[in-house]
Amino acid sequence: MTRVLAGIDNIQSADSLLRGRRLGLMTNQTGVDSALRPTIDILFEKYSLAALFACEHGVRGSVQAGEEVASAPDADTGVMVHSCYGASHHLPPEAMADFDVFVFDMQDVGARFYTYLYSLSFALEDCAREGKTAVVLDRPNPLGGEVAQGTL
């Protein structure tokens, strides 16, 4: 059986982009490695995690669906969490100076009505406008990725 790894399980392949730079991470409770360690904690230990960006449900999954996500320090790391789910769904302009490289690690379900795909697209637009490098950590499709469905 072939083992498929998530991007965080192969983070060393992006080491040249991440080492020595301040990282901004957009993630949630699905951002974990194969041992279920949160991407937040892995990047905090291995690199310079300078900012967190929260979409719907927050970075640790503690906010109910549809509720506004507040900006506040992460309780586990002390890194500032900037809300991208409230009045605006973009990376806050004042937080753009806090990081050099933007990292995205969230599981999506492949449904167009989910907010995470749009959170990523807005963040990529924001990074492009500011000349920031962006790294998207790949994740296997939760449905197995073996059957293609829907419109092409």
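The legends below describe close-up views of a predicted model.

**Figure 1. Overview of the protein chain.** The secondary structure of this predicted chain consists of three helices and six strands. Read from the N terminus, the elements follow the order α-β-α-β-β-β-β-α-β. The chain has 152 residues, and 41% of them are buried. Of the contacts between residues at least 6 apart in sequence, 69% join residues at least 24 apart.

**Figure 2. Length and buried side of helix 3.** Helix 3 covers residues 116–130, which is 15 residues. At 1.5 Å a residue, a helix of this length should span 21 Å, and the C-alpha atoms at its two ends are 21 Å apart, so the expected and modelled spans agree. The buried residues of helix 3 are Y116, S119, L120, A123, D126 and C127. These residues lie on the same side of helix 3 because they cover an arc of only 125° around the axis. An α-helix has 3.6 residues a turn, so residues three or four places apart point the same way.

**Figure 3. Surroundings and end of helix 3.** Which strands help to cover the buried residues of helix 3? The cover includes strand 1 (22–27), strand 5 (101–105) and strand 6 (133–136). A128 and R129 are exposed, and they sit on the other side of helix 3. Just after the helix comes G131, whose phi is positive, at about 70°.

**Figure 4. R139 and its polar contacts.** R139 is found in the segment after strand 6. Is R139 buried or exposed? Its relative accessibility is 15%, and because buried means under 20%, R139 counts as buried. The side chain of R139 makes a polar contact of 2.7 Å with the side chain of D105. A polar atom of the R139 side chain also lies 2.6 Å from the backbone oxygen of V32.

**Figure 5. Contact neighbourhood of R139.** This view shows the residues around R139, leaving aside neighbours within four places in sequence. The contacts of R139 include A6 and I8, as well as T30, G31 and V32. T39 is also in contact with R139, and so are D105, M106 and Q107. Two of these residues appear in the previous view: D105 through its side chain, and V32 through its backbone oxygen.

**Figure 6. The F53–F99 ring pair.** Three aromatic pairs are found in a search of the whole structure. In the pair of F53 and F99, the ring centres are 5.5 Å apart and the planes are at 75°, so the pair is edge-to-face. The pair links distant parts of the chain, with the two positions 46 residues apart in sequence numbering. F53 belongs to strand 2 (residues 48–54), whereas F99 is in the loop between strand 4 (80–83) and strand 5. F53 is buried, with a relative accessible area of 0%. F99 also counts as buried, at 0% relative accessibility.

**Figure 7. The aromatic cluster and K132.** F99 forms an aromatic pair with F102 that is tilted, with 6.3 Å from centre to centre and 50° between the planes. F99 and F102 are both buried. Which residues do the ring pairs link into a cluster? The cluster consists of F53, F99 and F102. K132 lies over the face of F99, at 4.9 Å from the ring centre.

Conventions
Residues are numbered from 1 along each chain as its sequence is written. This is a predicted model: local features need pLDDT of at least 70, side-chain atom pairs count only at pLDDT 80 or more; totals for chains, interfaces and linings use all residues. Side-chain values use heavy atoms; hydrogens and water are left out. Helices (H or I, at least four residues) and strands (E, at least two) are DSSP runs, numbered from the N terminus. The expected span of a helix is 1.5 Å times one less than its number of residues. Buried means under 20% relative accessible area, exposed over 50%, partly exposed in between (1.4 Å probe, protein chains only). The arc is that of the directions from the helix axis to the C-beta atoms. Contact means heavy atoms within 4.5 Å. A polar contact is a pair of N or O atoms within 3.5 Å; within protein, one must be able to donate a hydrogen and the other to accept it, and residues adjacent in sequence count only if both atoms are side-chain atoms. Rings of Phe, Tyr and Trp (its six-membered ring) pair if their centres lie within 6.5 Å; planes under 30 degrees apart count as stacked, over 60 as edge-to-face and the rest as tilted. A charge sits over a ring if NZ of Lys or CZ of Arg is within 6 Å of the ring centre and within 35 degrees of the ring normal.
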